[in-house]
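This report describes the arrangement of strands and helices in a predicted model, followed by its salt bridges. The sequence and structure are shown below for reference.

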Amino acid sequence: MKDVGKGEGRVLFPGVSYDYGAVAPPGALLFTAGACPLDAAGEVVGPGDHVVQAGVALENLIAVLRLHGAGSEHLVRTTIYVVGDRDDLVRVWGVVVAALAPHRPPSTLLGISALGYDGQLVEIDGIAALPT
């Protein structure tokens, strides 16, 4: 457990499936656009299926990282947007955690009302510290 603050005695819950913070090494940072569950033709994959869309969005995010010489282990932050209820968020989170393990970048998981593409249920953006 890590103490937080200036002697305030706060202790962070150790059982979360992500790290509370990450320090990026000196060098360039990559800020990605939200990775969408799109195929090579620009069509939404897995309409109505949060798990399929989460997997494709992650694959697309990792493809962007690779274009810039990085991998998922270089992520220092992710934000996951999910259209749906809490159960849908939990299912998407499970896909993200499993795909990035053992790496655990600090992350925010958000339930929202809509995303940009018709039928889109998941979007994931990331910040990565590019390897030197």
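## Helices on the sheet

Helix α2 lies across β4, β5 and β6, and its direction runs at about 150° to that of β4. The strands concerned belong to an open sheet of four strands with mixed pairing, in the order β3-β6-β4-β5. The edges of this sheet are formed by β3 and β5; each has a single partner strand, so one side of each is left without a neighbour in the sheet. From one strand to the next, the twist averages 10°.

At the β3 edge, β3 pairs with strand β6 (residues 122-129) in the antiparallel sense, over three bridges. Within this pairing, Phe31 has Ile127 of β6 as its bridge partner. Helix α1 (residues 50-67) also packs on the sheet, where it touches β3, β4 (75-83) and β6. The direction of α1 makes about 30° with that of β6.

## Salt bridges

The salt bridges in the model number two. One of them joins Arg104 and Asp19, whose closest N and O atoms are 3.2 Å apart. Arg104 is located in the loop between α2 (86-100) and β5 (107-112), whereas Asp19 is in the loop between β2 (10-11) and β3 (29-31); the pair therefore ties together parts that are 85 residues apart in sequence.

A salt bridge is also formed by the side chains of Asp88 and Arg91, with an N to O distance of 2.4 Å. Both residues lie in helix α2, three residues apart, which is about one turn of the helix.

The relative accessible areas of the four residues are set out in the following table.

| Residue | Relative accessible area | Class |
|---|---|---|
| Arg104 | 32% | partly exposed |
| Asp19 | 31% | partly exposed |
| Asp88 | 10% | buried |
| Arg91 | 42% | partly exposed |

Why is Asp88 classed as buried? Its relative accessible area is 10%, and buried means under 20%, so Asp88 falls in that class. Its partner Arg91, at 42% relative accessibility, counts as partly exposed. In the bridge between Arg104 and Asp19, Arg104 is partly exposed at 32%, and Asp19 is partly exposed at 31%.

Helix α2 thus appears in both parts of this report: it lies across β4, β5 and β6, and it holds both Asp88 and Arg91. The loop that contains Arg104 lies between α2 and β5, and β5 is an edge strand of the sheet.

Note on methods
Residues numbered from 1 in each chain as written. Predicted model: local features only at pLDDT ≥ 70, side-chain atom pairs only at ≥ 80, totals over all residues. Heavy atoms only, no water. Salt bridge = Lys/Arg side-chain N within 4 Å of Asp/Glu carboxyl O. Helix = DSSP H or I, 4+ residues; strand = E, 2+ residues; numbered from the N terminus. Buried < 20%, exposed > 50% of the residue type's maximum accessible area, 1.4 Å probe, protein only. Pairing = 2+ DSSP bridges. Axes fitted to C-alpha atoms, helices over the stretch in contact; angles between N-to-C directions. Contact = heavy atoms within 4.5 Å.
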